[in-house]
Each structure stands twice: as structure tokens, then as C-alpha cells.
Amino acid sequence: MGIPQATRKGHRAAALVLLVLIFALFGAGLSWLQPTLAFAQETAQEAGDVQGVAEGVYLAAPQPTETDYPQIAGVNSRVVVWLVAQLHLWFAAFILAVPIFVLIIEGVGMATGDERYDKMAYEFIKVSITAYSLTAILGGLLIITLFVFYPHLMQFLSNIFKESMFYYALLFFVESACLYVYYYGWHWLQGGFRKWVHLTVGLLLNAAGTTLMFLANAWITFMMSPAGLDASGGFSGDAWAAMHNFLWNPINLHRVIANVAYGGSIVGAYAAYKFLSASSAQDKAHYDWMGYTANLIAISALLPLPFAGYYLAAEIYAYSQQMGITLMGGIFAWLFIIQAVLIGTLFLSANYYLWCGMGRSEGAVRYNKYVKYLAIVIIGAFLVWFTPHTLVLTNQELKALGGPYHKYLGPLGIMPAKNTAVNIMILFTTLSFILYRRANKVAVVPWVKAGNAAQVALFSAGIVNILILGIYHGYFTNTVYKVAASIPQVATTLIIIVASTIIDRFMYRGARDVAPLRWGRIPDRAQYALFLLAVAFTWLMGLMGYIRSGIRQHWHIVGVMRDNSPDAYTPTLGYAANVVSVGTILFMAMVIFVFWLSHVSTVKTVPVLRESEA
Amino acid sequence: MRIFLNVVVFSLLIIGFFAGYSRFGIPQIEPAPPPVAEKLDLGAMTMEEFIALGERIYNGKGTCTLCHTAVGGRAPLLDGAAIVAAERLAEETYKGEASDVAGYLYESMTNPSAYVVAGFGKAGSNDTVSPMPNMLSGSIGLSEAELTAVVAYLQDLGGTEVTVEIPAEAVEEEEEPEASGEPRPAFAAPEEIIAEFTCGACHKIGEDEGEVGPDLTTIGAHRDRDYLRRSILLPNAEIAEGFEAELMPDDYGEQLYAGELEMLVDYLVALK
């Protein structure tokens, strides 16, 4: 007995209204905080005699001396906080990202009626559920270590952000409740209106999780670009101004995109492991499809990530040229060569996986000849990105070369060349994906030739434009305009990606299959590309976490509260890399544990009965 | 189990590669330790010492040379700032409250938007807002006395009369630890020396485009080691044609270690 159509329509309308209300509620959520937080402007007199109150008005930033930092059992406080914070962040990024794409995949499954999407979405969320409690445990550990080792800083920060910290705790309950209903109610809330309710819970889960991250981002960006302080560095009482500091939104945007890419890569590694371990063709097909989808999610978010990075770096420069120069041209400049190696690794492994995936269909043979050219261009772009500006040389080498800059390679070391290279790398990754999508299909629309010609023209004109912009601004203008090409270059790349995707979408509508797409028919080595993606992503996040925190140099809160601890110095890159590596190994060990739990939760052991009991 | 071990070994190899590359493939630059505070007795200072203090702040703690260099054109050069100050005070676009040159220079550091030099305003502000921070606050945080010392230095740099008075109060000057008596670690590469002493601000070298001093990009082709060493130690002993004397600091002999000097000379000789 089915539900009458009119009733179903009524249910859908009601659910839609509910969804809109939830959007509005969370959209307005932060601005609602504003008047509420305004009461934080209590004066010290109202609050009673608070130690450290400046001029009898607001709490001034404390200035602890070296001996004020607790030393406990010879533990290096900076390394402990560094590792715990990074582990918390890795897990948090993972558990925040997974519900985003799970909701999308569930929605796709509902729209297409294909149950495989629903099954895969459930498996994704199952992987993240154990990670959720680990995130909370690490978050608790982080708070404890911060208060134990940096009590003065935490006292000052919690005075400013006490309201948002309170909302953070409340939202944590909301997020947990949503997650448990979303996960445990998955099979219960199936079909018709119930599915809409389930999607709504998923939306609430994402809204709560993302708002949680935004709140925490406000605290760390306040330390980089403090706001809401009076001229002497004391808190002015405007908590909203402190939250809505200069770098808050750039970091928010960057982290949302990076989290999705990262979540995709971790789930991809899970699928890869399950694929390698699978014994039946059916399981291999399922996990191959899961790995492909995870890689697709990771790439889709990876493509716009460099643009979010430009935006963040540009805002850092806009906030403080001093901080920007320290970041890109000072002691951290060499870190971006390491970053280039890591991002190059990400692009190469993601592309390699796509090329291997073309083996799923015989129809892809038509495109195999292009793969080597794609590989050459991507590797070439990677090498340009990876080229340092200044070479480290011995005196003999210096004499032989005639200077610290190579005659031909030196110009490749500056930003215009790197911007050009990364845009071309992104475009050729898009091309890889377009070829992959066409592997088993033949377009049947009458305008195929015109469509292909339009795409070729689009890519050719765009690449020429990117090259001209890079060369002109890089080598025929003075330093201050050298990065001026980046915005038009990015715009060109985005236009090509969007326009070519739209053309392809219409051109391959109703396309004919030339050969079946056989899920599971992919070499094992392709799965290692997914592991490489996950490990490189984890390590990269650790490295960039270090620089985000490191550019504060000897300041807890830049310009307001100095770090006078014994560890206030900036370490060498090798030292930072060692800490990041140890963190990555710890994280990977924990992730393996999470995956193992996810596996054993499905295993049933049948007790062997003795004969007498049989 | 075999698959599990394969994946673990593979992951460890990747992590090992990234860590090894960062350690051995990248120069391990030891960043300077945080500046430490040092008490200065202003009462016992001569005006020359006060101007020298301003120069140290200008090149060090004040981080002025990050932007006020010929390289990059991020901010106007200040060698003539004291000379043009009187004209700027009379301009319509001047929005400050200063009435003399010293006041203008002081105000340009505490309220930089009072007068924005054409072409150096914040993007989109039509040269009404300066991107420069207030030197009294923020991460630079100079004291009143330190700012006054920089004003004295800028007046002296422009060749104008130094009109400020040395404040009576004591001042805490932040110096790199080596300045407090401990030897600093030696520079490992000539580029580090060039960057630290901002040679590119005046000379064309590498990608720097300084025009105050001679072009050094091919200096090794027509100058020998002895000449270059002498030019660094005694810059006024022989002035290159078309350039002015007394512009280059003459204390590099005290600031550089002997090994560093030779490394720098080796480097310059190789520029052909």
C-alpha cells in the first residue's frame, strides 16, 4: 500500500520548508551571536577585581616571563601541544568533511534512485563514526595540554572568547546528537518522507560541524591577526570584533575546501585497502567504485584549493606586509619548495589513478596515446613549481655558474612561473578527467565536431593566455606587480573548467556505450596511488599547519602577547619536518585502528558447538 | 597480513622521503632567535649615538627596510623624506596635525595615512589609506624614544638639520642576541649576507635592482679580489665613477667575520 501522491507532495513541501528554515537558522546563527556577545563588554569593575586588569577597564594581555611557563618532567611543551593539536586537526578535518560528501552522495542516490549510492554513503559515514570519538578525545587532550603548559595565554583567550567557547560546547552536543541519529537511523529513516527527515538531519549535522570549525578558526586567526583590542593591546570588550578578525574568513574558506579534499583522500585509502583485501569480484567492484568516487571528491576539492591558498596569502599580505614577506620571502620561503613537492605528488598520484582507471573499459584504448603527453606536461609543470630561486652552491659551483641564480632556471623560481605552472597542472588534470569520463562512451549529438573544436579552442586559448600573463607580469614588470597575473590566470582556469564541463555534459548526454565499464578491473598499483594521496595529504596538512602557526614567530598573539617561553624560537625546516612525520605516523596508526574497528564491527564469529551440544 | 605490511611499509617510505627531503634536500637555515630587550641609557648618549640608534632600529627592529627599499617598490624610499617633508605639509592632501619636519616624520610612523605618497596607498583606497602599520603598536611596537631616534636618523639621512632632542627617559632597545655580547652564528652562504645587510637596496645584484651604488651583476668581470675586499672594508677609499661617496656604511669590517668576508668576495668575483 503506497502513500497517496498528494500526501507525498505535501511531505516533500513540508520537508523543503524545514530545510529552508534550517539554512536560515544556521545562516543567521553567527550574526545572532553578535548582540549576545556584546554583553561581553562588561567592565572589570562590574566583574569585580580581576587580576591583570589594565587601567581598571578591560583585561590586558598578560606578559609572562620565561619562568612563568610550567616545566613538567622535562617535557617539551611546544612539541606536545604541536602534536596533539595537529592530531586533533587531522581527525577533525576528516570527520567534518565526510558528512559533507556523504550528504551529497545520499542526495544523489535519492535523486537517481540508485541504491548503490546510498550503500556507499552509509559505508563512508561508518568509517568516520569511530574517528568522531577519537577527535573528541584529542580535543579534550589539547585543551588540557594548552591550559597546563600555556595558562596565561589560555586565560587571556578564554576571557575574550568565553561566549563562543560556551556555544562551541553546546554545538558539540548538537553535532553529536545529529551524527548518532544520522548514522544509527540510516536504515530506519529510509523511503519517502523519512528519507527527507534523514537528509535534514544530515544537513543539521553539517551545519553544526561547520559552525564548530568556524568558531575554533576564530580563536586561532585572532592569534595571527588580533582584533577587538584597544591601543595598548587590552581586550576592548567587543567579542564579535575579535572573532570577525582579518584572517577569519580566508581560513574558513581554505579549511572547508581542504577538509573535503582531505576527507576524500582518507576514505580513498580505506577503499584501496578493502579493494586489495577483497576476495570476491563483487567486493572488488564495490571498493573500486568507492575508491574512484573518493578520488573524484579529493580531486574536485583539490582543484580550487590553490586558489583558496592565493586568497589566504593575499589577505595575509593585506593584513601585514611584514607577515606576508616573512611567509613568502623570508625564513619560510624554502618551505614552499617542500610544499611544491607535496602538491606535485598529490596531482601526480591523482592523475595516475585516473589513467589506471581508464583500463576499466576497452573503449579507453582510443585515448591511451594522449596519456603520455598529459604526463609530460604535468611533470614539466611540477618541475617548474619545484625549482627554487636561489641555489645553494659551493664557491667552486658558484664560480662555474657565475652566480646564485641559474641563467635559465633561475627565472623559474619566482612566483609568476610557479603560478603559471600550477594553473597548467590544474588544467591538464581536468583534461585527464575529461578523457576518463569519455573512456567508454561515444557522443551521439549532431554537433560533436563543433563541441570538440570548441573545447580544443577553449583550452588552447586559455593556456596561451595563462602563459602570456605569467611571462609578461613575471619578467616585464617590477616586483610589486609580479603576482598581479595570478587573479586573471585563476579566472582563466576556472572559466575553462566550468565551460568545458558544461560542453562535455551536454555533448555526452545520451551517449552510446562502446564497451562496458568493468568496476574492479584496475591494477593493484593504482590502489597504492590512493595511499600515496592520503599520506601526502596528511603530511602536507601538517606542514601547512606548522607554517600557519609559525609565521607568528615569537608571538602568542601577534603584536599583543609575546611568547617568552624557552621554545619561542623558530625551528629549522628539518626539525619541523621531523615533528610532522612523527605526527603523520601516529595519525596513520590511529586511522588503521579506526578502519580495523569498522571492519570487525561487521565480522560475526559463529561459536563451534561441541558434539554433546549439537 | 601481507597486504597490511605492504601498505605500512609503503606509507613509511613516503613519510621517510618527505622528511629526508626536508632535512637534506633543503638548506637548513637557522632562523635568528627572538630579539631580547636591552636597557639603553639615553641620558649618556650623544646625538651621533642617538642617530646610530635610529639607524639600527630602521634596519632591524623597525623592519622598515622590508618595504622601504629600491627592491619591489612597496613603499617610498626615505633617503629624501626629511627634504620633501616641508612641501608635503603644505599640500592639500595632507590630513595630519604636524607643523614641522620632525613632527611630520614622527606622524608618518604613528598615523601613516595622514599623508600617502602617490602610488603607495592601499589597493582601492585611491591613495587615501596607507598600508603601513602604526609603529607604536602591533608586532613592531617601537617606543616613543625609539621613534624619535628614527626621526633623527631620517633627518640625518636626508642631510638636513637634526631638530629632535634626545628624550630623557630610558628606553628598552630590542637587539639580536649577538649585539648583547654573544657571538652570532656565522652565515653559511653569501646570499644570506647579501640579504641580511640588504646590499640589494643600493646595488643591482641577483634580482635586486638597487641604483644607489654600482651594478654588481658582472662585477667579477672587471674587478679583482683585492679591489672588492677593499671596497667592502673601506667603501670610500675609491668611489666608482658616477656614484657618491659616504653612502655605503664603512663598518662591514666590524660586522662581518673574516670567513664571511672572504666568502662574499669569492661570490662577487664569480659574478661575470
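Colleague: What share of the 272 residues of chain B count as buried?

Modeller: In this predicted model, 32% of the residues of chain B count as buried. The cut-off behind that word is 20 or more other C-beta atoms within 10 Å.

Colleague: Thanks! And what elements is chain B built from?

Modeller: Nine helices and four strands. Read from the N terminus, their order is α-β-α-α-α-α-β-α-β-β-α-α-α. As for contacts in chain B between residues at least 6 apart in sequence, 60% of them join residues at least 24 apart.

Colleague: Why is B:Asn236 called exposed?

Modeller: B:Asn236 has 11 C-beta neighbours inside 10 Å, and a residue is exposed with 12 or fewer, so B:Asn236 counts as exposed. You will find B:Asn236 in the loop between helix 7 (225-233) and helix 8 (252-255) of chain B.

Colleague: How far is B:Asn236 from B:Glu30, in sequence and in space?

Modeller: The two are 206 residues apart in sequence, and their C-alpha atoms are 33 Å apart.

Colleague: What is the phi of A:Ala73?

Modeller: It is positive, about 50°, although A:Ala73 is not a glycine. Most residues other than glycine have a negative phi. A:Ala73 sits in the loop between strand 2 (58-59) and helix 3 of chain A.

Colleague: And why is A:Ala73 labelled exposed?

Modeller: Just 4 other C-beta atoms lie within 10 Å of A:Ala73. With the limit for exposed at 12 or fewer, A:Ala73 is therefore exposed.

Colleague: Which way does the same reasoning go for B:Asn126, buried or exposed?

Modeller: B:Asn126 has 9 other C-beta atoms within 10 Å, so B:Asn126 is exposed. B:Asn126 also has a positive phi, about 55°, and is not a glycine. Its place is the loop between helix 4 (101-110) and helix 5 (144-157) of chain B.

Colleague: Let's turn to the interior. Which residues of the largest nonpolar core touch the most other members?

Modeller: They are A:Phe94, A:Leu342, A:Met425, A:Leu533 and A:Ala536, out of 171 residues in that core. Helix 3 (residues 77-112) of chain A gives the most to this core, with 20 residues. Apart from it lies another core of 29 residues, including B:Ile140, B:Leu147, B:Val164 and B:Ile166.

Colleague: What does A:Met425 touch, leaving out residues up to four places away in sequence?

Modeller: A:Met425 touches A:Phe347, A:Ile378, A:Ala381 and A:Phe382. Touching here rests on C-beta atoms that lie within 7 Å.

Conventions:
Residues are numbered from 1 along each chain as its sequence is written. Chains are lettered from A and ligands numbered from 1 in the order in which they are written. This is a predicted model: local features need pLDDT of at least 70, side-chain atom pairs count only at pLDDT 80 or more; totals for chains, interfaces and linings use all residues. A nonpolar core is a set of buried Ala, Val, Leu, Ile, Met, Phe, Trp, Tyr and Cys residues joined through C-beta atoms within 7 Å. Helices (H or I, at least four residues) and strands (E, at least two) are DSSP runs, numbered from the N terminus. Two residues are in contact if their C-beta atoms, placed from the backbone, lie within 7 Å.
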